[in-house]
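Subject: Handing over a structure, with notes

Dear colleague,

I am passing on the structure below, and after it I have written down what was found, in an order that I hope is easy to follow on the screen.

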Amino acid sequence: MKEYPKKENPFKLLGQHLEAIGTGLKYLVKPTRITLMYPEESMVLPTGYRGMIRLYKDVCIGCTLCAMVCPADAMKMVTEEGKKLPMINYGRCVFCGFCVDICPVDALKETGVHDAAFTNRRELIFDPDKFSQDFDQPPTMDKPVRKVRAKIDEKKGIVYEPDD
Ligand code: SF4
Ligand code: SF4
């Protein structure tokens with residue numbers, strides 16, 4: 001027989017509502033910034049983070065394994081000056097990293113960039129030249145991003161410290 005959940009104690013519910021309102025009022029009176037001043041600031045990403053991928057054209061041997069293994073059909077091979085090279089559609093890529101893992105010559109590397117912005121879907125398709133561009137900064141940024149690390153402070157909550 002189906003069991004219905006017992007009714008919550010109304011005083012307990014009232015207490016929980018008051019606690020939530022109290023928390024809201026606390027941050028209204030004494031605001032704490034828990035968001036980043038993005039994109040001028042961004043978090044230091046963990047080692048091995050799977051960001052946008054960079055192709056090293058000179059290293060690639062055109063084996064096509066990356067395109068074959070891609071579960072999202074995001075990678076296609078094209079022929080440039082008689083050499084097969086991969087191109088990527090970031091509109092399809094799910095950042096699984098399979099292509100990077102399978103490449104026998106390490107011609108694909110994951111970067112820490114994950115937040116590039118584009119104005120239309122065509123820009124999400126990277127031909128081999130664009131796919132081999134250096135990603136120190138997101139392609140849309142023209143000045144260095146301030147890197148910060150998140151830390152839990154007992155009184156203030158999340159605080160961000162510059163990464164030295
Ligand atoms: S990271 Fe995954 S989804 Fe993206 S291109 Fe490589 S294999 Fe395809
Ligand atoms: S798996 Fe590596 S070597 Fe093979 S086509 Fe892709 S990038 Fe080039």
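The side chain of Asn89 comes to 2.8 Å from the backbone nitrogen of Gly91; please keep in mind, here and below, that this is a predicted model. Asn89 itself is part of strand E4, and once its neighbours within four places in sequence are set aside, Asn89 is in contact with Ala74, Leu124 and Ile125.

From Asn89 it is a natural step to the sheet that holds its strand. How are strands E3, E4 and E6 ordered, and in which sense do they pair? They form an open sheet of three strands in the order E3-E4-E6, and the pairing is antiparallel. At the edges lie strand E3, residues 75–80, and strand E6, residues 125–126, each of which pairs on one side only. Strand E4, which covers residues 83–89, runs antiparallel to E3 and is joined to E3 by six bridges; to find one such place on the screen, look for Val78, whose bridge partner in E4 is Leu85. As a general point, the strands of a sheet pair through backbone hydrogen bonds, and they may do so in a parallel or an antiparallel way.

There is also an open sheet in which three strands follow the order E1-E7-E8, and here the pairing is mixed. Its edge strands are E1, with residues 41–43, and E8, with residues 157–162, and each of these pairs on one side only. If direction is ignored, neighbouring strands of this sheet are turned by 45 degrees against each other on average. Strand E7, which spans residues 146–153, pairs with E8 in the antiparallel sense over six bridges, and Ile152 can be found opposite Ile158 in E8.

The remaining notes concern the two ligands.

Which residues are closest to ligand 1? Of the 14 residues that surround ligand 1, the closest are Cys70, Cys93, Cys96, Gly97 and Cys99, and sorted by class the shell has 13 nonpolar residues, one polar residue and no charged residue. Ligand 2, for its part, is surrounded by 13 residues, the closest of which are Cys60, Cys63, Thr64, Cys66 and Cys103. The shell around ligand 2 divides into 11 nonpolar and two polar residues, with no charged ones.

With best wishes

Note on methods. Residues are numbered from 1 along each chain as its sequence is written. Chains are lettered from A and ligands numbered from 1 in the order in which they are written. This is a predicted model: local features need pLDDT of at least 70, side-chain atom pairs count only at pLDDT 80 or more; totals for chains, interfaces and linings use all residues. Side-chain values use heavy atoms; hydrogens and water are left out. A residue is near a molecule or strand if one of its heavy atoms lies within 4 Å of it. Ala, Val, Leu, Ile, Met, Phe, Trp, Tyr, Cys and Pro count as nonpolar, Asp, Glu, Lys and Arg as charged, and the others, Gly among them, as polar. Two strands pair if DSSP finds at least two bridges between them. Helices (H or I, at least four residues) and strands (E, at least two) are DSSP runs, numbered from the N terminus. Axes are lines fitted to C-alpha atoms, for helices over the stretch in contact, and angles run from 0 to 180 degrees between N-to-C directions. A polar contact is a pair of N or O atoms within 3.5 Å; within protein, one must be able to donate a hydrogen and the other to accept it, and residues adjacent in sequence count only if both atoms are side-chain atoms. Contact means heavy atoms within 4.5 Å.
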